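Want to practise reading a protein fold? Grab a seat and we'll take it one feature at a time.

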Amino acid sequence: LRLAVNRQQIVDQVYDGRAIVGNDIFSPFDPAYSAHLPQREQDIEAARALLAEAGFPDGLTVEMTAAPIQPTADRQNEVLIQQAAAAGFDIRFNRVDTATYYGPGYGTYPLSLSYWGLLSIFDQAAFTIVNDAPYNATKWQDDAYDALYQQAIRTVDDEERTALIAQMQADATQARRILSAP
């Protein structure tokens, strides 16, 4: 799905050009963000190839549960659904109210988009991907990443900590590129 997304089109159509393109790592608002990592680009053919390899040569139908958790949420979901269709994803939009979205089912939806705000890299990792993260909906686990995270949160020297964070981001980017390689 990441390969089906045209991030710049979302910035232009949803945010009227007043946003920055994300790169599947957090957080561009954190001073330690590694802006030099290669930007993931839309690649419809690679996305189709991955779907076929996963056993869905004719595409995949999935329900996306989302709520208007920010002013642009519905429009962003609509653009994403349109973009994903070109790669073979038939995404059914299950729009629910915010209370339902964040209710007991939160984190169990097959597909959902959320908004985490301007959290730091450490906060975002702690909430979503390190061991025992309370909101690790993807179930991604990487012992090397966790070790770097633990070392970085204990490091006082700014330069050393920033280097560890850069390695965390590079490792996460590499792992996710391997997972989405055709």
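Below, a learner and a teacher talk through the sheet and then the helix packing in this predicted model.

Q: Let's start with the strands. In what order do the three strands of the open sheet lie?

A: The general idea comes first: strands of a sheet pair through backbone hydrogen bonds, either parallel or antiparallel. Here the three strands make an open sheet with the order β2-β1-β3, and the pairing is parallel. β2 and β3 are the edge strands, since each pairs on one side only.

Q: How many bridges join β1 to β2?

A: Seven bridges link β1 (residues 60-66) with β2 (residues 89-95), and the two run parallel. You can pick out partners yourself: V62 has I91 in β2 as its bridge partner, and E63 has R92.

Q: And what about the other side of β1, where β3 sits? Which residue of β3 does M64 stand opposite?

A: M64 stands opposite L111 in β3. β3 covers residues 111-112, and it pairs with β1 in the parallel sense over two bridges.

Q: What sort of unit do β1, α3 and β2 make?

A: Follow the chain: β1, then helix α3 (residues 73-85), then β2 make a right-handed β-α-β unit. α3 packs on the sheet, where it touches β1 and β2, and its direction makes about 160 degrees with that of β2.

Q: Okay, helices next. How do I read a pair of packed ones?

A: Two packed helices are described by the angle between their axes and the distance between the axes. Try α1 (residues 7-14) with α3: their axes come within 10 Å and cross at roughly 140 degrees. That angle makes α1 oblique to α3, and the crossing is right-handed.

Q: Which residues make that contact?

A: From α1 you have Q9, I10, Q13 and V14, and from α3 there are R75, Q76, V79 and Q83. Sorted by type, the contact of α1 with α3 has three nonpolar residues, four polar and one charged.

Q: Let's try another pair. At what angle do α5 and α6 pack?

A: α5 (residues 121-128) and α6 (residues 143-153) pack at about 135 degrees, and their axes are 11 Å apart. α5 and α6 are therefore oblique to each other. The crossing of this pair is left-handed.

Q: Which residues of α5 and α6 meet there?

A: F122, A125 and A126 of α5 meet Y145, Y149, A152 and I153 of α6. The residues of this contact divide into seven nonpolar, no polar and no charged.

Methods
Residues numbered from 1 in each chain as written. Predicted model: local features only at pLDDT ≥ 70, side-chain atom pairs only at ≥ 80, totals over all residues. Heavy atoms only, no water. Axes fitted to C-alpha atoms, helices over the stretch in contact; angles between N-to-C directions. Helix = DSSP H or I, 4+ residues; strand = E, 2+ residues; numbered from the N terminus. Parallel < 35°, antiparallel > 145°, perpendicular 65-115°, else oblique. Left-handed = near helix turned anticlockwise from the far one by under 90°. Contact = heavy atoms within 4.5 Å. Nonpolar A, V, L, I, M, F, W, Y, C, P; charged D, E, K, R; others polar. Pairing = 2+ DSSP bridges. Right-handed = clockwise from strand over helix to strand, strands pointing away.
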